[in-house]
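Visitor: Could you take me through this model in careful steps, with the reasoning laid out before each answer?

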Amino acid sequence: MFNREIYQQRRALLKARMGSGQLLFLGNDEASINFKHNWYPYRQDSTFLYYFGISLPGLVAVIDCDEDKDYIFGNDYEIDDIVWTGPQPTIAELAEKVGVSHTAPLSKLNALVKDDCQILPPYRGEHVLQLSEIFNKPVKEVENLVSVPFIKAVATQRNIKSAEELEELNKAVTTTSEIHLAVMKAARPGMKEHELVAIATKVARDNNVSLSFPPIATINGQTLHNHYYGNTINNGDIMLFDCGAESPEFYAGDMTRTFPVSAAFDNRQRELYEIVYKAHRTAVEALKPGKRFMDVHLLAAETLVEGLKGVGLMKGDTQDAVANGAHTMFFQCGLGHMMGMDVHDMENLGEQYVGYTDQLKKSTEFGLKSLRLGKELEAGNVITVEPGIYIIPELIDMYKASGKLDAFINYDKLETYRDFGGIRIEEDFVITESGSDLLGTPLAIAPDDVEQVRSSSLSL
């Protein structure tokens with residue numbers, strides 16, 4: 001936990017923003033895999049952690065703005081629990097560490113909660129059932145209880161990272177960088193993708209932390225979120241590895257590297273990697289407070305188009321190509337996202353409230369609809385920058401059959417790339433008063449540096 005004063009200050013700021021009413025925070029419970037006591041790895045709800053700091057199942061918290069009181073509800077362990085867990089602090093002892101003086105068993109919760117108590121969007125089925133019981137509403141009506149002002153207040157507060165949060169984020173990204181370097185050095189022809197995932201898991205556990213999301217480890221980088229790890233990696237393949245670690249206080253890292261399984265990229269791989277790398281550097285140089293991230297995304301898209309024109313895969317006017325969405329043949333996702341306690345920070349609260357504004361709405365267009373962050377950047381935001389090129393045969397077939405974007409895409413040349421795969425590179429940044437700073441320990445990203453790591457490791 002952080003110091004109790006930090007949690008007290010966070011709750012005080014939220015009370016001041018909300019002004020009045022009650023605010024309900026549901027902690028996460030254990031979730032069973034295939035029978036009751038065989039549980040998935042436990043992870044506390046991030047908003048609960050942000051305001052109350054306790055990573056323990058079976059807790060609910062309430063902030064009463066009118067009475068200026070904070071409550072934590074939970075049941076103390078009894079002997080039947082202690083024989084399995086050992087002695088544990090009481091709920092009151094844990095609450096005292098985060099500056100909460102009012103505690104009670106869970107059975108007392110419903111009597112305190114008022115009908116107009118405000119809630120955040122539930123993302124677990126058991127939370128929906130719990131809210132249905134607390135408010136005596138049918139399950140299908142629970143979503144109508146969600147408070148948009150509550151969402152906006154939390155998102156506004158969590159979007160700006162404090163000094164202690166940035167310290168944790170640097171820890172998370174440094175461990176993430178360590179993971180990626182270990183994987184980049186260890187890869188050998190004949191290995192399975194899952195062996196690289198095992199290395200990543202070991203490095204995280206060596207640091208006594210967990211991974212922040214299931215790794216994407218694949219020679220089929222054209223599939224954006226590929227969690228199949230059964231392929232054999234061979235000379236000539238390019239390996240896309242997207243992985244992150246958490247810090248001890250549950251802040252996330254998220255990085256991607258694409259590297260050759262051989263000692264060097266082949267000519268096609270090198271050409272496209274250099275295009276992605278240039279788009280990445282162009283985007284990073286554009287980061288600053290007041291800059292719309294959507295505009296940075298479109299700038300990166302224009303840089304990709306220019307590079308793809310240079311190798312003969314695209315043609316025509318660059319800005320017209322982006323305006324017509326022609327870049328989405330190669331770049332179907334967003335340039336990046338907010339990052340914090342969640343690797344896609346606060347995605348459960350709704351991207352419209354976290355990454356956009358009342359004036360800037362989230363697009364419904366292919367490509368742009370996958371951009372999780374579009375609004376103006378502020379000092380203290382932590383974001384990822386992850387451009388990519390993805391050659392998806394099914395998308396080629398669909399666009400080509402309809403004659404879509406013929407003015408911008410050289411389909412004959414693109415057909416020769418059907419087996420290419422995909423390239424993505426990703427780093428994490430904090431927005432500063434004048435620009436941005438890289439988080440964590442720097443890791444090889446320029447093509448020459450990536451090849452140097454690979455050639456050196458293969459020579460051992």
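The questions and answers that follow concern a predicted model, and they move from cavities to single residues and then to a helix.

Visitor: What is the volume of the largest cavity?
Guide: Rolling a probe the size of a water molecule over the atoms shows where empty space is left. In this predicted model, the structure holds five cavities of 30 Å³ or more. The second largest of them has a volume of about 70 Å³, whereas the largest cavity has a volume of about 180 Å³.

Visitor: Which residues are the closest to the centre of the largest cavity, and how many residues line it?
Guide: The lining of the largest cavity comprises 15 residues, and by class these are eleven nonpolar, three polar and one charged. The closest to the centre of that cavity are Leu24, Leu26, Asp45, Leu120 and Pro121.

Visitor: Which element supplies the largest share of the lining of the largest cavity?
Guide: Strand E1 (22–26), helix H2 (46–52) and helix H6 (125–135) are the candidates to consider, since each supplies at least two residues of this lining. The largest share amounts to three residues, and it comes from E1.

Visitor: How many charged residues are in the lining of the second largest cavity?
Guide: The second largest cavity is lined by His337, Met338, His344, Asp345, Glu347, Glu351, Val354, Gly355 and Arg372. Sorted by class, with Asp, Glu, Lys and Arg counted as charged, this lining divides into two nonpolar residues, three polar residues and, as the number asked for, four charged residues.

Visitor: Is Gln44 buried or exposed?
Guide: Gln44 is found in the loop between strand E3 (38–39) and H2. Leaving aside neighbours within four places in sequence, Gln44 is in contact with Gly27, Asn28, Leu49, Ile54, Ser55 and Leu56. Because its relative accessibility is 1%, and the cut-off is under 20%, Gln44 counts as buried.

Visitor: Which backbone nitrogen does the side chain of Gln44 reach?
Guide: The side chain of Gln44 has polar partners in the backbone, and one of them is the backbone oxygen of Ile54, which lies 3.0 Å from a polar atom of that side chain. The backbone nitrogen that the side chain of Gln44 reaches, at 2.7 Å, is that of Asn28.

Visitor: Is Asp68 buried or exposed?
Guide: Asp68 has a positive phi of about 55° although it is not a glycine, and it is found in the loop between strand E4 (60–64) and strand E5 (69–73). Because its relative accessible area is 54%, and the cut-off is over 50%, Asp68 is exposed.

Visitor: How does Phe250 count in terms of relative accessibility, and what is that value?
Guide: Phe250 also has a positive phi, near 75°, in a residue other than glycine, and its place is in the loop between strand E8 (238–243) and strand E9 (255–260). Phe250 counts as partly exposed, and its relative accessibility is 21%.

Visitor: What does helix H11 pack against through its buried residues?
Guide: Helix H11 (residues 293–310) has 18 residues and reaches 26 Å from its first C-alpha to its last, close to the 26 Å expected at 1.5 Å a residue. Its buried residues include Phe293, Met294, Val296, His297, Leu304 and Leu308. The partners against which the buried residues of H11 pack are helix H10 (267–286), helix H12 (318–323), strand E10 (382–385) and strand E11 (388–390).

Visitor: Which residue takes a positive phi just after H11?
Guide: The phi in question is about 90°, and the residue that takes it, just after H11, is Gly312.

How values were computed. Residues numbered from 1 in each chain as written. Predicted model: local features only at pLDDT ≥ 70, side-chain atom pairs only at ≥ 80, totals over all residues. Heavy atoms only, no water. Helix = DSSP H or I, 4+ residues; strand = E, 2+ residues; numbered from the N terminus. Expected span 1.5 Å × (residues − 1). Buried < 20%, exposed > 50% of the residue type's maximum accessible area, 1.4 Å probe, protein only. Contact = heavy atoms within 4.5 Å. 1 Å grid on protein atoms, 1.4 Å probe; cavity = no way out; pocket = protein on both sides within 12 Å on 5 of 7 lines; lining within 4 Å. Points joined across faces, edges and corners; volume = space filled by probe spheres on them. Polar contact = N/O pair within 3.5 Å; in protein donor to acceptor, adjacent residues only side chain to side chain.
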